[in-house]
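User: Could you pick one part of this model, look closely at how it is put together, and then show me how its surroundings fit around it?

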Amino acid sequence: MSGPQRNGPAGITILGSTGSIGTSTLDVVARHPGRFRVVALTANRNEDVLAEQCIRFRPQYAVLADADAAQRLQQRLQRAAPEVTVLAGVDGLLQVAGLDSVEYVMAAIVGAAGLLPSLRAAQAGKRVLLANKEALVMSGALFMQAVREHGATLLPIDSEHNAILQCLPDRYVAGQAAPGVRRILLTASGGPFRNTPLAILPSVTPEQACAHPTWVMGRKISVDSATMMNKGLEVIEASWLFDLAPDRIEVLLHPQSIVHSLVEYLDGSQLAQLGSPDMRIPISHALGWPDRIESGAPGLDLVAVGRLQFETPDHERYPCLALAAGALQAGGTAPAILNAANEVAVQAFLERRIPFTAIARIIAATLDQLPVQDAATLEAVLADDALARDRAAELVAATKVTVAR
Ligand code: NAD
Ligand code: MG
């Protein structure tokens with residue numbers, strides 16, 4: 001990034017502004033009008049929420065991936081906020097991710113749909129606040145190369161990775177190993193089924209899976225937390241962000257979600273970051289970095305929390321952890337295949353077409369059935385993403401069990 005030559009507040013694009021991370025980002029940004037100016041807001045097809053956000057934040061651009069929804073938004077804003085230019089489709093997303101007037105890009109689209117716009121922000125040398133972990137999982141080598149070559153600043157929004165960044169020595173640079181680090185410990189709540197008898201897991205519902213005990217999040221990541229694929233994706237994400245071999249990344253169950261992750265140094269010291277489970281904390285950390293700014297999150301009352309517990313995760317309960325570790329070890333397009341199969345299976349579970357326990361089975365079968373390619377080009381990554389989606393969809397269709405409504 002070329003440094004602060006601007007006068008006045010820094011321009012920000014929020015990709016996925018109507019989602020859980022997007023709305024939390026706007027909440028923080030609104031607390032700092034002298035520091036940030038919203039230049040662009042984007043969503044998939046939720047024109048109602050995007051219209052409200054446009055009327056409140058008056059961005060220069062609003063983008064909807066869905067062209068019909070974009071047209072309706074345009075009509076709606078003609079009177080209410082005529083200064084907003086409405087764009088549509090992936091081209092619109094790419095355009096606002098790389099605008100000259102933008103210094104910060106919050107990458108908070110969920111899933112593989114976020115890859116191209118997140119990558120575009122990196123290629124444009126922005127300060128990329130990365131919530132869209134799937135982009136890094138799919139194309140880690142290409143993404144980190146783009147960050148390096150275009151002088152982007154990559155800051156993780158995932159609470160665990162943001163916690164690690166906070167516990168690392170100063171002068172963090174994404175993709176570079178920090179001196180003196182022995183390993184990192186990623187914490188995980190274990191999700192809503194941590195204590196559910198294994199025999200019950202095939203019949204749990206999407207509503208139960210999305211009722212996370214400590215965090216309020218979008219539906220896809222909520223299901224990922226219940227299977228712990230979320231932690232599997234985060235291990236892959238951490239390996240790229242902090243340049244760590246898989247055997248230096250450990251996963252710890254920590255049901256209270258107060259310790260957001262830890263770094264262990266060569267001398268045996270472990271540094272942890274603690275806070276309430278409120279995503280405004282990592283978001284404001286990355287927005288303010290290296291300064292500290294108000295987030296709106298409540299302070300942490302450790303006496304009220306009382307106890308902090310840590311356990312080793314049970315791999316029989318959480319088979320997705322080993323699937324993700326295997327994909328990281330295999331390298332190439334294996335993580336992209338894993339991610340694509342997971343997205344298809346999670347969507348099918350949310351639509352009650354497969355049982356919860358079929359998610360891991362479908363991912364495992366997709367990985368077994370597809371050969372892994374070199375992930376040196378975006379075309380290779382996207383081709384295997386598409387192949388894996390097709391294969392996983394066939395496996396979903398072949399899953400006969402119906403799920404209770
Ligand atoms: P969400 O479902 O609440 O929001 C997703 C956003 O992406 C919405 O604005 C939606 O309109 C947009 N979107 C969805 N599909 C799109 C498409 N095809 N094209 C364009 N835009 C599209 O999700 P979320 O919980 O905010 O998560 C967003 C990302 O942040 C995910 O990658 C997730 O893993 C990550 N993350 C979320 C949390 C959290 O607390 N919610 C924590 C850590 C990481
Ligand atoms: Mg996380």
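Analyst: Helices (H or I, at least four residues) and strands (E, at least two) are DSSP runs, counted from the N terminus, and two strands pair if DSSP finds at least two bridges between them. The model is predicted, so to speak of local features I need pLDDT of at least 70, and of side-chain atom pairs 80 or more, while totals for chains, interfaces and linings use all residues. Residues are numbered from 1 along each chain, chains are lettered from A and ligands numbered from 1 as written, and side-chain values use heavy atoms, without hydrogens or water.

Let's settle on strand β6, which spans residues 127-130. Its two faces are both covered. On one side sit R127 and L129, on the other V128 and L130, and all four are buried (under 20% relative accessible area, 1.4 Å probe, protein chains only). This two-sided arrangement is easy to follow if you remember that side chains alternate between the two faces of the sheet in a regular strand.

Now look to either side of β6. Strand β5, residues 104-107, pairs with β6 in the parallel sense, and 4 bridges join the two. One contact to find on screen is M106, whose bridge partner in β6 is L129. Strand β7, residues 153-156, also pairs with β6 in the parallel sense, again over 4 bridges. Here L129 has L155 of β7 as its bridge partner, and L130 has P156. L129 is thus a good residue to centre your view on: it is the bridge partner of M106, it is matched with L155 in β7, and its side of the strand is buried.

The connections come next. Helix α5 (residues 115-123) belongs with β5 and β6 in a right-handed β-α-β unit; right-handed here means that, with the strands pointing away from you, the path from the first strand over the helix to the second runs clockwise. Helix α6, residues 133-149, takes the corresponding place between β6 and β7, and that β-α-β unit is right-handed too. β6 therefore belongs to both units, following α5 in one and preceding α6 in the other.

Stepping back, the setting is an open sheet of 7 strands with parallel pairing, in the order β4-β3-β2-β1-β5-β6-β7. Its edge strands are β4 (85-88) and β7, each of which pairs on one side only. Reading along that order, β6 lies between β5 and β7.

For contrast, turn to another sheet in the model. This one is open, has 4 strands in the order β9-β8-β10-β11, and its pairing is mixed. The edges are formed by β9 (249-253) and β11, and each pairs on one side only. Strand β8 (residues 181-188) meets β10 in the antiparallel sense through 5 bridges, with L186 standing opposite S261 of β10. Strand β10, residues 259-265, likewise runs antiparallel to β11, residues 270-274, over 5 bridges. V259 has L274 of β11 as its bridge partner. In the hairpin of β10 and β11, 4 residues lie between the strands, and G268 takes a positive phi near 95°.

Notes: Buried < 20%, exposed > 50% of the residue type's maximum accessible area, 1.4 Å probe, protein only.
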